[in-house]
Structures are given as C-alpha cells and as structure tokens.
Amino acid sequence: MKIASSMFRCAYVVASHSALPPVGAVGKFLPFSKLIAANGSVPGRGRCCCSRSSSPYVVLEDRSYGNKQVISITPQLYDYILSNVREPEILRQLREETASMHGSQMQVSPDQAQLLAMLVQILGAERCIEVGVYTGYSSLAVALVLPDSGCLVACERDAKSLEVAKKYYELAGVSDKVSVRHGLASDTLHSLILNGETCSYDFAFVDAEKRMNEEYFELLLQLVRVGGVIVIDNVLWHGKVADPMVNDLKTISIRNFNRRLKEDDRISTSMVPIGDGILICRKR
Ligand SMILES: C[S@@+](CC[C@H](N)C(=O)[O-])C[C@H]1O[C@@H](n2cnc3c(N)ncnc32)[C@H](O)[C@@H]1O
C-alpha cells in the first residue's frame, strides 16, 4: 500500500510561461529539478496572490471572494497527499514497471486514480469506457473496483503499451471485466454507438489526444446514460490554459474545450485541480 512518494516529487506551479515544459509535452508532472516557484503566483498577472512565497495557499485578491484562501500544492504537501493514498499493490507494481518506459509521465497519478475509482464506486458504475489506456494504470484502478458483472471498454492505439496493460489485467484477475480495443478510440466509440449501446454506460474517462477531446466528448455523451459521468484529464494543461501568453494549438484547443463545456446545458460540471486538472461532467 505504501507509495514511494519521493518518486513523485514534482513542480506544481511555474512562475512564467517561459518556464513551462515544451509544447506537446503530455506529462502529468514536471521533474522536481524544473521547479521554478511553488508560491501559487504568476508575476504581474491574475487575481491571486500568495501571502508568503513558500506558503501552500493562495489568497484571492478579488474582494467578491472575501479574501478566500485556497490550497496551492507544494512538493512537500504533495508528498503528504501521496502518503495518504491507498494504492493497491498491483497498481504499485504497474506504476513501477511503467516508470522506466517511454512516456511514463503520461500515466495518471495515484491520487487521481484513487479519485476515478471513488467516482466509479459512488456511481455504482457497472459499464465504463476509457479513452487512452497507455500501460493501464487508470483503467486497472477502475477495473479493480467494478463488480464481477461490470465491464470496462479500454481504447488504445499503441499495441506495445497495451501488452503491459493486458499483463496487469491478468495479474490482477480483472481481464474478464476489461474489453480491450486496439485501434483509434473514435472508431471504437462509433462502433459502440452503431452496436446500439447508446445511453448504456455509467462512466467514461478521457485521457488521449487532447485535440480530439471535443469528438470523444460528443460520442461519449451519446454512450453514457443520464446521470452518468465523463471525466476529462489534463484540462489545466500545466497551467498553460490560464496564461494568455501561451497560444500553441493544443493549449488553445483545451482552453476552447473548457469554455465550451462550461456553457453546455447538457451537463453539469466541476473542474478539479488534481494531477494536471480534471473536468468531471455529469450528463443531465
Ligand atoms: C496520457 S496517455 C494515457 C494514460 C493512462 N490513462 C494511464 O493512466 O496510464 C494517452 C494514451 O492515449 C493513446 N492515444 C492517443 N491518441 C489515441 C487515439 N486516437 N486512439 C486511441 N488511443 C490514443 C496514446 O497512445 C497513449 O497511450
């Protein structure tokens, strides 16, 4: 159950867009060595400030929020959060095997995986979809909490990482619950719709090509039932969405997607600053 939290030291806040990771980096964390400032402030901009440079909170300057203090996660605080995650042993093994693989920064963090599993349990979900499996960390976290009658459609285009995921589904004894779909996720989602499976899913998690989010979301909205939940990952995109100086295509697309979903009457939403930010959408 114990997490080697030092492996997860990360830079959570950066001081300027010039310190951000390269455009196209899809990582969940920045290495600790790239930490620029963990004080929650973006110099010269914004409505937030921090009372002390190393304080783990920011104070909203906008008086209409009543000087509200909100938490800003420092590396020390994030270590503490990780030390409080109950990570199943099989997930720990998968995480450690993935750590040496190309793209390992893509996998969701243990605290994120725990939240996904919690949402699935709160929903009493039986039928789930994941778009973007990689080596299977988030999908295994979901599959582990599904009932025996449950199923997870796991969409991934990369055969090599899918082999690792399948190995761990077997080791964890959940392979009967996981329907692995190798190929483009949009093709799989279209085929589920053509197969008459609209409104039959309880939960979906989207964590693949960010510029395809709009399409995945529209297809998944057809596939989940009323009251079902779609979770989108990386909606804060290393903070770049909030920085008007950053205008690469991926950032713009995530920013526009977030704005559109805020105005979408078909869902209720909650943006949660966990990992790289998730958007929880409940179908009305
Ligand atoms: C961020 S990773 C997923 C991480 C995973 N959720 C986890 O926690 O380990 C994104 C994955 O989406 C896959 N992907 C990207 N575009 C895709 C597409 N069009 N169809 C299927 N999979 C895709 C990539 O191959 C990659 O493995």
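This passage walks through a predicted model of a protein chain with a ligand, with most attention on helix H4 and its surroundings.

Starting with the chain as a whole, the secondary structure amounts to eight helices and 12 strands. There are 284 residues in the protein chain, and 40% of them count as buried. Taking contacts between residues at least 6 apart in sequence, 65% turn out to join residues at least 24 apart.

The ligand is a handy way into the structure. Its surroundings comprise 21 residues, with Met 106, Gln 107, Gly 132, Tyr 134 and Ser 138 coming nearest. Two elements give two or more residues to this shell, namely helix H4 (137–145) and strand S7 (151–156). By class, the shell splits into 11 nonpolar, five polar and five charged residues.

One of those nearest residues, Tyr 134, deserves a second look. Tyr 134 sits in the loop between strand S6 (127–131) and H4, and its phi is positive, at about 55°, although the residue is not a glycine. Tyr 134 has 23 C-beta neighbours inside 10 Å, and because 20 or more make a residue buried, it counts as buried. A positive phi also turns up at Cys 199, again a residue other than glycine, with a value near 55°. Cys 199 belongs to the loop between H6 and strand S9 (201–206). Here the surroundings hold 13 other C-beta atoms within 10 Å, so Cys 199 is partly exposed.

Now for H4 itself. The helix is mostly covered, with seven of its nine residues buried. These are Tyr 137, Ser 138, Ser 139, Leu 140, Ala 141, Val 142 and Ala 143. Ser 138 thus appears both in this buried set and among the residues nearest the ligand.

What covers H4 can be followed helix by helix. In general, a packed pair of helices is described by the angle between the axes and the distance between them. For helix H3 (residues 110–123) and H4, the axes come within 9 Å and cross at roughly 35°. The crossing in which H3 passes H4 is right-handed. On the H3 side, the contact involves Ala 113, Leu 116, Ala 117, Val 120 and Gln 121, which meet Tyr 137, Ser 138, Ala 141, Val 142, Leu 144 and Val 145 of H4. This contact of H3 with H4 has nine nonpolar and two polar residues, and no charged ones.

Helix H5 (residues 159–172) also packs on H4, at an angle of about 25° and with the axes 10 Å apart. The two helices, H4 and H5, are therefore roughly parallel to each other, and their crossing is right-handed. H4 brings Ser 139, Leu 140, Ala 143 and Leu 144 to the contact, while H5 brings Ala 165, Tyr 168, Tyr 169 and Ala 172. Sorted by class, the residues where H4 meets H5 are seven nonpolar, one polar and no charged.

Helix H2 (residues 89–98) is the next partner, packing against H4 at an angle of about 170° with the axes 10 Å apart. That angle makes H2 roughly antiparallel to H4. Ile 90, Leu 91, Leu 94, Arg 95 and Thr 98 of H2 make the contact with Tyr 137, Leu 140 and Ala 141 of H4. The contact of H2 with H4 has six nonpolar residues, one polar and one charged.

A single residue of H4 helps to round out the picture. Ala 143, found in helix H4, is buried because 27 other C-beta atoms lie within 10 Å of its own. Leaving out residues up to four places away in sequence, Ala 143 touches Leu 152, Tyr 169, Val 174, Lys 177 and Val 178. Of these, Tyr 169 is one of the H5 residues that make the contact with H4. From Ala 143 to Val 231 the C-alpha atoms are 16 Å apart in space, and the two residues are 88 apart in sequence.

Ile 193, in helix H6 (residues 185–194), serves as a counterpart. With 14 C-beta neighbours inside 10 Å, Ile 193 counts as partly exposed. Beyond its neighbours within four places in sequence, Ile 193 is in contact with Thr 198, Leu 219, Gln 222 and Leu 223. Ile 193 and Asp 158 are 35 residues apart in sequence, with 23 Å from C-alpha to C-alpha.

How values were computed:
Residues are numbered from 1 along each chain as its sequence is written. This is a predicted model: local features need pLDDT of at least 70, side-chain atom pairs count only at pLDDT 80 or more; totals for chains, interfaces and linings use all residues. A residue is near a molecule or strand if its C-beta atom, placed from the backbone, lies within 6 Å of it. Helices (H or I, at least four residues) and strands (E, at least two) are DSSP runs, numbered from the N terminus. Ala, Val, Leu, Ile, Met, Phe, Trp, Tyr, Cys and Pro count as nonpolar, Asp, Glu, Lys and Arg as charged, and the others, Gly among them, as polar. Axes are lines fitted to C-alpha atoms, for helices over the stretch in contact, and angles run from 0 to 180 degrees between N-to-C directions. A crossing is left-handed if the near helix is turned anticlockwise from the far one by less than a right angle, and right-handed if clockwise. Two residues are in contact if their C-beta atoms, placed from the backbone, lie within 7 Å. A residue is buried if 20 or more other C-beta atoms lie within 10 Å of its own, exposed if 12 or fewer, and partly exposed in between; C-beta atoms are placed from the backbone. Angles under 35 degrees count as roughly parallel, over 145 as roughly antiparallel, 65 to 115 as roughly perpendicular and the rest as oblique.
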